[in-house]
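Got the viewer open? Let's click through this one stop at a time, with something to select at each.

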Amino acid sequence: MNDLSYEEKRERLEELAPEELAEIEAEDEGDDHPLPDLPNAEAYDEIRMRCAPNPNGPWHVGHARMPAVIGTYRDRYDGWFCVRFDDTDPETKRPDLEAYDAILDDLEYLGFEPDAVYRASDRLETYYDHARELIELDGAYTCSCPGEEFSELKNAGEPCPHRDKDAETVLEEFEAMVDGEYDSGEMVLRVKTDIEHKNPALRDFVAFRMIDTPHPREEANDYRCWPMLDFQSGIDDHLIGITHIIRGIDLQDSAKKQRFVYDYFGWEYPEVVHWGHVQLDAYDVKMSTSTIAELIEEGELDGWDDPRAPTLKSLRRRGIRGEAIVDAMVDLGTSTSDVDLAMSSIYANNRELIDDETDRRFMVRDGTELPLGGSPPAEANPPLHPDHEERGVREIPVGDAVLLEPDDLPDREERVWLKGLGCFRYTDGTLEHTDDDIDVVREGDVDVVHWVPASESVPLRMRTPEGDVFGRAEPGVADLEPDELVQFERVGFARIDNVAQSATDDSSNRRSRDRHEDEETVAYYTHD
RNA sequence: GCUCCGAUAGUGUAGUCCGGCCAAUCAUAUUGCCCUCUCGAGGCAAUGACCGGGGUUCAAAUCCCCGUCGGAGCACCA
């Protein structure tokens, strides 16, 4: 039944119990708090949105908000969304060639596939054409004022001398810009807005500037005249037919700037939703692509998927489902105030997704070895999952000594229940098997702890957001496959990342794997 | 300094447009109890919020004003 898709399940239910289904669905509607309706959605035949990342690195957790919300709206309205890489600054926000795919990868992890993918750096000629048209509409002028000088004039609400140039001259100079005849900083094209606008941020903004540094993409490395985001993005949103722009509050004024361009062209500006910034509560590392990149560069982090990094690749490697992140992001809503996202909310979502299907194992961190006395069973057989006996049991050879976590060591002469094995009394440095049955646990006299055999357990490194933890896991862990999820009982969920070849008993029978790191069994901690 | 935004429990969110049904929703968190051979899951319960001050009104979380706090923009960054 669980293999069925939601639709299939729903259909099946509809046949079997239509009334109950209606009830369930009615409840659902009252229960969840979906995103608010998109403004003026009914006015459009198709809701079209875009996700416009700057390809300067893989995504951190905060980036998930855009696809989560846009993707959710797409599903709700049966709409459309694209990814558009706004890679129009080859210098200060220099694109990272690997980031384009890394971002699409992250998107896929979150469970979304864009309906189209664009790169602004492929579309320069389009932007040039619109600039020419704008110039002819007397809506833009070439300006060679040094930045500071213009800024002073602007703040005083005074036009610069270049503002009155005739369209012909402007067009000529703009063509020279396009042809790369100016050096960086020599000439810009400004949009003529309202030089006395009460909001200084909106006065005559730059639409194109010269950049000497070639673009890293081969297809774009001949261009020297690059559009600014406000221009490029404004043109593209209209050409792509975007009906709803969703983006951060840092771009609030951008909408107002772009409206001037739209007015020149006689275009309707899309609906806009601006939201605040997302802060994550759980990481030491600042959530910014450049900070993370630096830490990786300096070797402080192992890479974008280091469990200490607040990135999507990190969460993915830890075995967290993209869906858990998406749900948490959708829950944040779209308010314009800044929000703190609690990782616990992602963890809670994920736990619900994985708990039922994740088998149990033992793993002892920083174990203390205790010899066993009496005559305990030779093998322990705890269930793979306490709620699913049908999945069978584990086979853990007991041996003559076990490892316990330091916190679990019983006091002298106290009893302790080794989970799945039985009751032991701690006497003279030895755990003596007793005949007590499980009732002593039920009565609350004896603590239940997890354990591993001292000799046959497998060494394991568990990577966590707080750093690496070393321990030993029950032998069965050596037979797991990378990417499998486990729950180490009383420790937490983890994703198996690598299984050491030497950890398996029958390693000689196995096909050899050509992986260097095979000597070590590694798990990534998911959450508790 | 100029210009915009925003403010509901630890966190997020509903309600604010169209004032009363809000002594305020849901989730998460924390705590306690039940269940359980996990500190997981499940069940139950508790904790906890309308930024402050005025005004309008029979009635304000909701409308108005003033403050306070927070955020954003004022780039040849995105």
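What follows is a tour in six stops, from the RNA to a loop.

Some housekeeping before you click. This is a predicted model, where local features need pLDDT of at least 70, side-chain atom pairs count only at pLDDT 80 or more, and totals for chains, interfaces and linings use all residues. Residues are numbered from 1 along each chain as its sequence is written, chains are lettered from A and ligands numbered from 1 in the order in which they are written, and side-chain values use heavy atoms, with hydrogens and water left out.

**Stop 1: the RNA**

Select RNA strand B and show the protein around it. There are 55 residues around the strand, and Asp 86, Lys 93, Arg 209, Lys 419 and Arg 490 come nearest. Of the RNA atoms that come within 4 Å of the protein, 73% belong to sugar and phosphate. Here a residue is near a strand if one of its heavy atoms lies within 4 Å of it.

Color that surface by residue class and you get 17 nonpolar, 16 polar and 22 charged residues. The classes go like this: Ala, Val, Leu, Ile, Met, Phe, Trp, Tyr, Cys and Pro are nonpolar, Asp, Glu, Lys and Arg are charged, and the others, Gly among them, are polar.

Now zoom in on some polar contacts (pairs of N or O atoms within 3.5 Å; within protein, one must be able to donate a hydrogen and the other to accept it, and residues adjacent in sequence count only if both atoms are side-chain atoms). Asp 253 has a polar side-chain atom 2.8 Å from a sugar or linking oxygen of RNA strand B. For Asp 89, a side-chain N or O atom is 3.2 Å from a sugar or linking oxygen of the RNA strand. Leu 332 uses its backbone instead: an N or O atom there lies 3.0 Å from a phosphate oxygen of RNA strand B. Elements giving two or more residues to this surface include helix 6 (147–156), helix 9 (252–265) and helix 12 (322–332). Helices (H or I, at least four residues) and strands (E, at least two) are DSSP runs, numbered from the N terminus.

**Stop 2: helix 9**

Select 252–265. How far apart are the end C-alpha atoms of helix 9? They are 21 Å apart, which agrees with the 20 Å expected for 14 residues at 1.5 Å a residue; the expected span is 1.5 Å times one less than the number of residues.

Among the buried residues of helix 9 are Phe 260, Val 261, Tyr 262 and Phe 265. Buried means under 20% relative accessible area, exposed over 50%, and partly exposed in between (1.4 Å probe, protein chains only). Their cover includes helix 5 (124–136), strand 5 (188–191) and helix 8 (229–240). Right after helix 9 comes Gly 266, with a positive phi near 75°.

**Stop 3: strand 5**

Stay with strand 5 and show its side chains. Val 188 and Arg 190 point one way, Leu 189 and Val 191 the other, and all are buried. In a regular strand the side chains alternate between the two faces of the sheet.

Add the neighbors. Strand 4 (140–143) pairs with strand 5 in the antiparallel sense over four bridges, and strand 6 joins strand 5 by three bridges, also antiparallel. Pairing requires at least two DSSP bridges between two strands. Pick Arg 190: it stands opposite Tyr 141 and opposite Val 206 in strand 6.

**Stop 4: Arg 48**

Jump to Arg 48 in strand 1 (48–51). Is Arg 48 buried or exposed? Arg 48 counts as buried because its relative accessibility is 19%. A polar atom of the Arg 48 side chain lies 2.8 Å from the backbone oxygen of Ile 240.

**Stop 5: Thr 358**

Thr 358 is in the loop between helix 13 and strand 12 (359–361). At 1% relative accessibility, Thr 358 counts as buried. A polar atom of the Thr 358 side chain is 2.5 Å from the backbone oxygen of Ile 354.

**Stop 6: an open sheet and a loop**

Show seven strands as cartoon: they form an open sheet of mixed pairing, ordered 21-18-19-20-14-17-22. Strand 21 (447–449) and strand 22 (452–453) are the edges, each pairing on one side only. Strand 18 (415–418) runs parallel to strand 21 over three bridges, with Val 416 partnered by Asp 447.

Last, select Pro 465, in the loop between strand 23 (458–464) and strand 24 (467–473). Measure C-alpha to C-alpha to Leu 315: 9.8 Å in space, 150 residues apart in sequence. Pro 465 touches Pro 307, Arg 308, Arg 318 and Tyr 525, not counting residues up to four places away in sequence; contact means heavy atoms within 4.5 Å.
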